[in-house]
Amino acid sequence: MKRMVYCLFVVLLFMAACNFKTSKNTANSEEEQDNGLEVRQQPFRNSDQVEYEISVVKGTTIKHGIQKRYYLHGSLYSAIPYIAGEKQGIAYTYYQAALGNEPQIWKEQPYENNELNGTCKRYHRDGALQAEYDYKNGLRAVGLKELTESGKDIEQPKLLLSKHRVPAGYLIQARLSDDYNNVDYFIGDLVEEKYLPKKMKTLQTRNEVGEIVVSQTSGTVTITAEYSTRYRNKGVVSKSINL
């Protein structure tokens, strides 16, 4: 049944793709009505300025088309493509721009079946690449490529692990090779040895050092750290330690 509904919306998208135009008027155009779509708008709280503008299947709340979000002064904040209520395609987030100026892309995020899937990119205000990182089926991959405004690679921190024998097993401590604030540490195997599962056990953090006692006394344990950079990018680094 879900497949039939999806196919129906794909047909609707094909009909609308060539001539679909968003409008900031509350009334829908005759063309949009013929395509079975209508544009709905949501203003900012206590303001008449439009914050969200989205094409939906007429008579429903199912998003189908490009959802646009605006800054309060009116410049475009984001554009997210939907098919049959799910994110499909590349979503863009923009830096705030002066009215009348073309907004500059800040984030570029590919979606498949409502999940991040592929290489995400971020850009400096001048359009130069700032960062690249990967997702698969909504799971974040280990690694982060980050560059300065001049294009120089920024070295990412290493994950340092140590173990200490205790009566209950081993005390494992984790820290990054450089100083970073608000670091989260996790324990557990990665999906395909590369992707961070959505639910992982977190380590207790003290003075930016992650700590956990494990009862096992042999084999390997994998620790992963997620950190924020000065460009507000999220980096992920992982390492295993033999017990």
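Residues are called buried under 20% relative accessible area, exposed over 50% and partly exposed in between, with a 1.4 Å probe and protein chains only. By that yardstick Glu-51 is buried, at 13% relative accessibility. The structure is a predicted model, in which local features need pLDDT of at least 70 and side-chain atom pairs count only at pLDDT 80 or more, while totals for chains, interfaces and linings use all residues. Numbering starts from 1 along each chain as its sequence is written, and side-chain values use heavy atoms, with hydrogens and water left out.

First, the overall picture. The chain comes to 2 helices and 20 strands; these are DSSP runs numbered from the N terminus, helices being H or I with at least four residues and strands E with at least two. Of the 243 residues in the chain, 41% are buried. Taking a contact as heavy atoms within 4.5 Å, residues 24 or more positions apart account for 38% of the contacts with a separation of 6 or more. The chain exposes about 14,300 Å², and carbon and sulfur atoms supply 48% of that area (Shrake-Rupley method, 1.4 Å probe; for residues, only the protein chains shown count as cover).

Now for the strands, where pairing requires that DSSP finds at least two bridges between two of them. One open sheet has 4 strands in the order β16-β15-β19-β20, with antiparallel pairing. Its edges are β16 (201-202) and β20 (234-242); each has a single partner strand, so one side of each is left without a neighbour in the sheet. Strand β20 runs antiparallel to β19 (residues 220-228), and 9 bridges join the two. Within this pairing, Ser-228 stands opposite Lys-234 in β20.

Another antiparallel pair is formed by β13 (residues 159-166) and β14 (residues 169-176), joined by 8 bridges. A hairpin takes the chain from β13 to β14 through 2 residues. Ser-162 faces Gln-173 across the pair, the latter being in β14. In a regular strand, side chains alternate between the two faces of the sheet.

Tyr-170 is worth a look as well. A charge is said to sit over a ring if NZ of Lys or CZ of Arg is within 6 Å of the ring centre and within 35 degrees of the ring normal. Lys-163 lies over the face of Tyr-170, at 5.6 Å from the ring centre. The charged end of Arg-165 also sits over the ring of Tyr-170, 5.1 Å from its centre.

Then there are the salt bridges, defined by a side-chain nitrogen of Lys or Arg within 4 Å of a carboxyl oxygen of Asp or Glu. The count comes to 6. One of them brings Arg-69 and Glu-51 together at 3.4 Å, N to O. This pair links distant parts of the chain, with Arg-69 in strand β3 (residues 65-70) and Glu-51 in strand β2 (residues 50-57), 18 residues apart. Arg-69 is partly exposed, at 28% relative accessible area, whereas Glu-51 is the buried residue met at the outset.

Glu-38 and Arg-40 meet in another salt bridge, at 2.7 Å from N to O. Here Glu-38 is buried, with a relative accessible area of 13%, and Arg-40 is partly exposed at 34%. A further salt bridge joins the side chains of Arg-206 and Glu-211 (3.0 Å, N to O). Arg-206 is partly exposed, with a relative accessible area of 48%, while Glu-211 counts as buried at 13%.
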